[in-house]
Amino acid sequence: MSVNKVAAGLRGQNEAEKFLIARGIEILQRNYRVRFGEIDLICREGGVIIFAEVKFRSGTGFGSPAESVGYAKQQKIIRTAMHYIAANNLDDNDFRFDVIEVLEVLEKRNVVHVNQIENAFGV
């Protein structure tokens, strides 16, 4: 992966995290990784644990950011979430899977639009 893609991904995660915190959502963990998958952000909103996939785009020429979270990616996230739930004894909580779209407005550099899609997919 190129340095520019890594930097863009990091910027997208930073923007998503700021957005969620401003909405009163607590960030529990960032970049949770196990050998078979990764979850960008794990959060808590009230009694709900949120597993969030962050997608950053600098335009919509290839579709919306959320459109890139296909079935295979969803299954990896769900499997990774199940691991996190078991490892942290969180079976008694409610859960959801969100996609956080971070879209850079090309005409206005450094301006981003963040959109949270709640319950974007599920088990």
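Strands β3 and β4 run parallel and are joined by 10 bridges. Helices (H or I, at least four residues) and strands (E, at least two) are DSSP runs, numbered from the N terminus. Two strands pair if DSSP finds at least two bridges between them. This is a predicted model, in which local features need pLDDT of at least 70 and side-chain atom pairs count only at pLDDT 80 or more, while totals for chains, interfaces and linings use all residues. Residues are numbered from 1 along each chain as its sequence is written, and side-chain values use heavy atoms, with hydrogens and water left out.

Take one bridge as a landmark: V54 has I100 as its partner in β4. On the other side, β4 pairs with β5 in the antiparallel sense, over 7 bridges. There, F97 has F121 as its bridge partner in β5. Of the 11 residues of β4, 8 are buried, so this strand is largely enclosed by the rest of the structure. Buried means under 20% relative accessible area, exposed over 50%, and partly exposed in between (1.4 Å probe, protein chains only).

Now widen the view to the sheet. It is open, has 5 strands in the order β1-β2-β3-β4-β5, and its pairing is mixed. β1 and β5 are the edge strands, each pairing on one side only. Neighbouring strands are turned by 30° against each other on average, direction ignored. Axes here are lines fitted to C-alpha atoms, for helices over the stretch in contact, and angles run from 0 to 180 degrees between N-to-C directions. Strands of a sheet pair through backbone hydrogen bonds, either parallel or antiparallel. β1 and β2 run antiparallel, joined by 7 bridges. In that pairing, R30 has L41 in β2 as its bridge partner.

Next comes helix α2. It covers residues 71-87, and its 17 residues should span 24 Å at 1.5 Å a residue; the end C-alpha atoms are 24 Å apart, which agrees. The expected span is 1.5 Å times one less than the number of residues. Which residues of α2 are buried? They are Q74, I77, I78, T80, A81, Y84 and I85. An α-helix has 3.6 residues a turn, so residues three or four places apart point the same way. The cover over the buried residues of α2 includes β1 (26-34), β2 (37-45), β3, β4 (94-104) and β5 (112-121). After α2 comes N89, whose phi is positive, near 50°.

Helix and strands meet in the largest nonpolar core, which has 18 residues. Such a core is a set of buried Ala, Val, Leu, Ile, Met, Phe, Trp, Tyr and Cys residues joined through side-chain atoms within 4.5 Å. I39, I42, F51, Y84, F97 and F121 have the most contacts inside it. β1, β2, β3, α2 and β4 each supply at least two residues of this core. α2 gives the most, with 5 residues. A second, separate core of 12 residues includes I25, C43, V54 and F56.

Follow the aromatic rings. The structure holds 5 aromatic pairs. Rings of Phe, Tyr and Trp (its six-membered ring) pair if their centres lie within 6.5 Å; planes under 30 degrees apart count as stacked, over 60 as edge-to-face and the rest as tilted. The rings of F51 and F97 have centres 5.5 Å apart and planes at 25°, so this pair is stacked. F51 lies in strand β3 and F97 in strand β4, so the pair ties together parts that are 46 residues apart in sequence. F51 is buried at a relative accessible area of 1%, and F97 is buried at 6%. F97 also stacks with F121: the ring centres are 5.2 Å apart and the planes are at 25°. That pair links F97 in β4 to F121 in β5, 24 residues apart. F121 is buried too, with a relative accessible area of 9%.

Ring pairs link Y32, F51, Y84, F95, F97 and F121 into a cluster. Y32 is found in strand β1 and is buried, with a relative accessible area of 10%. Leaving aside neighbours within four places in sequence, Y32 is in contact (heavy atoms within 4.5 Å) with G37, E38, I39, I42, T80, H83 and Y84. By the sequence rule of up to four places left out, Y84 touches L28, Q29, Y32, I42, F51 and L90.

One charged residue closes the tour. E53 sits in strand β3, residues 48-57. Is E53 buried or exposed? At 3% relative accessibility, E53 counts as buried. Not counting residues up to four places away in sequence, E53 touches D40, V69, K73, I77, D98, V99 and I100.
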